[in-house]
Amino acid sequence: MQHTLMLDFKDATWSAIMDNEELAKEGRRRCTCPYYGARASINGAQVVALPYNTLLSRSARQAMGISLTGNVVIINEAHNLVDTILAIHSIALGWCTVRALLEMVLICFTSYWRRLKGSNVTYILKSLNKFMQSTTTDSNTRVVSVNEFLTLTHAGHINVYKTDRYLRESKL
């Protein structure tokens, strides 16, 4: 019964372009969850509207089963795009959090130093530690861009994508 309701919802969403309110109304009308119904409808849809953060995040697109390959992407209100990209790739951390994270990272480094010897990861950890020790108190609060951080830690030459791939594959 539930499967049939979801299929009916899916068919309805493919027959007309709907915004969020219309999807919610259709879900109520068909006694099914519009969120999961809309997600199930994505693969066969001809038009999909997404918020920037979903469109620009590969992991979010993968989780929803959305591929950009071979599709046309239209960006509405593109003047907000740069701010959205910066917000997606930014994080604000308090001093205590950064200190605690550094301590945890150094514990991992101590445990796995043989596996990390000579790698970019070792250099990053040492640079991060040096940077944190040079910034001694939370009264030195400031915003640091990624490029500025890489410059301050002397880690600008490191291929962060290669390092990320290594960390994921090695499961460190």
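Buried means under 20% relative accessible area, exposed means over 50%, and partly exposed covers what lies in between. The structure treated in these exercises is a predicted model.

**Exercise 1. Describe the secondary structure of the protein chain and the share of its residues that count as buried.**

Solution. Begin with the elements: the protein chain has 10 helices and zero strands, and read from the N terminus the order is α-α-α-α-α-α-α-α-α-α. Then turn to accessibility, where 22% of the 172 residues of the protein chain count as buried.

**Exercise 2. Find the salt bridges of the whole structure and classify the residues in them by accessibility.**

Solution. The search of the whole structure gives two salt bridges. In one of them Glu 26 pairs with Arg 29, with 3.1 Å between the closest N and O atoms; these residues both belong to helix H2 and stand three residues apart, which is about one turn of the helix. In another, the side chain of Glu 26 meets that of Arg 30 at 2.4 Å, N to O. Taken together, Glu 26, Arg 29 and Arg 30 are linked in a network of salt bridges.

The next step is to apply the cut-offs to each residue. Glu 26 has 11% relative accessibility and therefore counts as buried, Arg 30 has 22% and so counts as partly exposed, and Arg 29, at 56%, counts as exposed.

**Exercise 3. Locate Cys 31 and Glu 77, and state what is notable about the phi of Cys 31 and of Glu 77.**

Solution. As background, most residues other than glycine have a negative phi. Cys 31, in the loop between H2 and H3, has a phi near 55°, a positive value in a residue other than glycine. Glu 77, which is placed in the loop between helix H5 (58-64) and H6, likewise has a positive phi, near 55°. As for accessibility, Cys 31 counts as exposed because its relative accessibility is 57%, while Glu 77 is partly exposed, with a relative accessible area of 45%.

**Exercise 4. Characterise the second largest pocket by its volume and its lining.**

Solution. The volume of the second largest pocket is about 750 Å³. Its lining consists of 25 residues, of which Met 18, Leu 23, Val 47, Val 48 and Ala 49 are the closest to the centre of the pocket. To assign the lining to elements, note that helix H1 (2-15), helix H2 (20-29) and helix H3 (34-41) each supply at least two residues, and that the largest share, five residues, comes from H3. Sorting the lining by class then gives 17 nonpolar, six polar and two charged residues.

**Exercise 5. Identify the residues of the nonpolar patch on the surface, and place Leu 93 within the chain.**

Solution. The patch is formed by Ile 91, Leu 93, Leu 101 and Met 104, which together have about 410 Å² of accessible area. Of these residues, Leu 93 lies in the loop between helix H6 (81-88) and helix H7 (95-116). Since its relative accessible area is 43%, Leu 93 is classed as partly exposed.

**Exercise 6. State where Ile 85 is found and how far its C-alpha atom is from that of Leu 56.**

Solution. Ile 85 is found in helix H6, and with a relative accessible area of 36% this residue is partly exposed. Along the chain Ile 85 and Leu 56 are 29 residues apart, and their C-alpha atoms are separated by 7.5 Å.

Notes
Residues are numbered from 1 along each chain as its sequence is written. This is a predicted model: local features need pLDDT of at least 70, side-chain atom pairs count only at pLDDT 80 or more; totals for chains, interfaces and linings use all residues. Side-chain values use heavy atoms; hydrogens and water are left out. Patches are made of residues with over 30% relative accessible area and no salt bridge: like charges are joined within 9 Å, nonpolar side chains (Val, Leu, Ile, Met, Phe, Trp, Tyr) within 5 Å. Accessible areas come from the Shrake-Rupley method with a 1.4 Å probe; for residues, only the protein chains shown count as cover. A salt bridge is a side-chain nitrogen of Lys or Arg within 4 Å of a carboxyl oxygen of Asp or Glu. Helices (H or I, at least four residues) and strands (E, at least two) are DSSP runs, numbered from the N terminus. Buried means under 20% relative accessible area, exposed over 50%, partly exposed in between (1.4 Å probe, protein chains only). On a 1 Å grid over the protein atoms alone, a cavity is a set of points where a 1.4 Å probe fits but cannot get out, and a pocket is an open set with protein on both sides within 12 Å along at least five of seven lines; lining residues have an atom within 4 Å of a point. Grid points are joined across faces, edges and corners, and a volume is the space filled by probe spheres set on the points. Ala, Val, Leu, Ile, Met, Phe, Trp, Tyr, Cys and Pro count as nonpolar, Asp, Glu, Lys and Arg as charged, and the others, Gly among them, as polar.
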